[in-house]
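Welcome to a short tour of a protein model. Take a moment with the sequence and the structure, and then we will walk through the fold together.

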Amino acid sequence: RQYRIAVMVGSLRKDSYNRKLATAIVKLAPSDFSFHQVQINDLPLYNQDDDENQAAPVRRMKAEIQAADGIMFVTPEYSRSIPGVLKNALDHGSRPYGRNVWAGKPAGILGVSPGSAGTAMAQQHLRNILACLDMPTQGQPEAFIQVREGLFDEAGEIGEASRPHLQNWMDHYVAWVKSHVE
Ligand code: FNR
C-alpha cells in the first residue's frame with residue numbers, strides 16, 4: 001500500500017526555508033510514502049457567503065486533502081502564530097459546516113525560523129486549531145528548528161548534523177500515519 005501525504009507549507013516566499021525543509025525532509029521517508037505540496041497561494045480570502053459556491057482553487061485543495069492519508073504542516077511563525085495564508089487554507093477546508101475535509105487526517109508539524117525559538121509558539125497555536133478540526137496530531141518528537149549553518153547541505157538536502165533528529169521525527173510521523181490508516 002502507498003501512503004499519500006499532503007504537505008501544507010505556511011510560506012509563499014520563493015526562497016522559503018520552510019518550503020526547502022518540506023522538500024528535503026521527504027527524502028527521509030520510506031518508499032511507501034509519497035508527498036506533494038498543496039498549492040494555497042491562489043485561494044481567495046475565506047468568506048462564509050461563498051460556502052455553497054466554493055471557488056475552483058478551494059475545491060481543488062479540498063480534493064487533494066480528501067485524497068490524502070495524512071497531512072504534514074511545515075510552517076513559519078509570524079508574530080508568534082501561524083501565517084494568515086495557512087489559517088486561510090485551514091478555514092477553507094473546514095467548511096461548509098459538516099463537511100470538514102481535515103477531520104480524522106493524521107497530522108505532523110514542523111517549522112523552521114532564523115529565531116532561536118524555532119516556531120515553537122506558532123506550532124502550539126497550530127495544535128489548537130488542528131484539535132478543533134478533529135485532526136489527530138503527533139505529539140512527539142517536536143521539531144523546533146533554527147536556521148543554522150549546516151541545516152541543509154550544498155545540494156539542498158538535510159545536512160548531516162540535523163539528520164538524526166529529523167530522521168527520528170520522520171520515523172515517528174510515518175508510524176503515526178500508519179496507526180491511523182487501515
Ligand atoms: C516573521 N518572522 C518571525 N520569526 C519568528 O521566529 N517568530 C515570529 O514571531 C516572527 N514573526 C514574523 C512576522 C512576519 C510578518 C514575518 C514576515 C516574519 C521571521 C520569519 O521566521 C522569517 O521571515 C522566516 O524566514 C519565514 O519563513 P520562510 O518564509 O523562510 O519559510
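Before we look inside, one term is needed: a residue counts as buried when its relative accessible area is under 20%. Please also keep in mind that this is a predicted model.

## Strand 4, seen from both sides

With that cut-off in hand, let us begin with strand 4. On one of its sides A107, I109, G111 and S113 are buried, and on the other G108, L110 and V112 are buried, so that both faces are covered. That makes 7 of the 7 residues in strand 4 (residues 107–113), so the strand is largely enclosed by the rest of the structure.

Which strand is joined to strand 4 by 4 bridges? It is strand 3, and the two strands run parallel. One pairing to look for is M72, whose bridge partner in strand 4 is G108.

## The overall fold

Stepping back, the protein has 5 helices and 5 strands. Followed along the sequence, they give the pattern β-α-β-α-β-α-β-α-β-α. The radius of gyration is 16 Å, close to the 16 Å that the globule rule gives for 182 residues, so the protein is as compact as a globular protein of that length. Along the principal axes, the C-alpha trace spans about 50 × 40 × 25 Å.

Of the 182 residues, 49% count as buried. Among contacts between residues at least 6 apart in sequence, 79% join residues at least 24 apart. On the outside, the protein exposes about 9,100 Å², with carbon and sulfur atoms supplying 49% of that area. The protein carries 19 positive and 20 negative charges, and the mean positions of the two sets are 1 Å apart.

## Helix 3 and its cover

Helix 3 covers residues 84–94, and its buried residues are L86, N88, A89, L90, H92, G93 and S94. What lies over them? The cover includes strand 1 (3–9), helix 2 (56–66), strand 3 (70–74) and helix 4 (120–132).

## Where two loops meet

P76 sits in the loop between strand 3 and helix 3, while T119 belongs to the loop between strand 4 and helix 4. Although P76 and T119 are 43 residues apart along the chain, their C-alpha atoms are separated by 6.2 Å. Setting aside neighbours within four places in sequence, P76 is in contact with residues including T119, V112 of strand 4 and A122. Further partners of P76 include G10, S11 and N18.

Are these two loop residues buried or exposed? P76 has 8% relative accessibility and counts as buried; T119, at 1%, counts as buried too.

## Backbone details worth a look

Most residues other than glycine have a negative phi, and most peptide bonds are trans. Against that background, some places in this model deserve a closer look. T119 has a positive phi of about 70° although it is not a glycine. R80, also not a glycine, has a positive phi of about 65°. R80 is found in the loop between strand 3 and helix 3, where it is partly exposed, with a relative accessible area of 47%.

Which peptide bonds, then, are cis? The bond from R95 to P96 is cis, with omega near 0°, and P96 lies in the loop between helix 3 and strand 4. The bond from Q140 to P141 is cis as well, with omega near -5°. P141 has its place in the loop between helix 4 and strand 5 (144–146).

Key
Residues are numbered from 1 along each chain as its sequence is written. This is a predicted model: local features need pLDDT of at least 70, side-chain atom pairs count only at pLDDT 80 or more; totals for chains, interfaces and linings use all residues. Side-chain values use heavy atoms; hydrogens and water are left out. The radius of gyration is taken over C-alpha atoms; the globule rule is 2.2 Å times the number of residues to the power 0.38. Buried means under 20% relative accessible area, exposed over 50%, partly exposed in between (1.4 Å probe, protein chains only). Contact means heavy atoms within 4.5 Å. Accessible areas come from the Shrake-Rupley method with a 1.4 Å probe; for residues, only the protein chains shown count as cover. Lys and Arg count as positive and Asp and Glu as negative; His and the chain ends are not counted. The place of a charge is taken as NZ of Lys, CZ of Arg, CG of Asp or CD of Glu. Two strands pair if DSSP finds at least two bridges between them.
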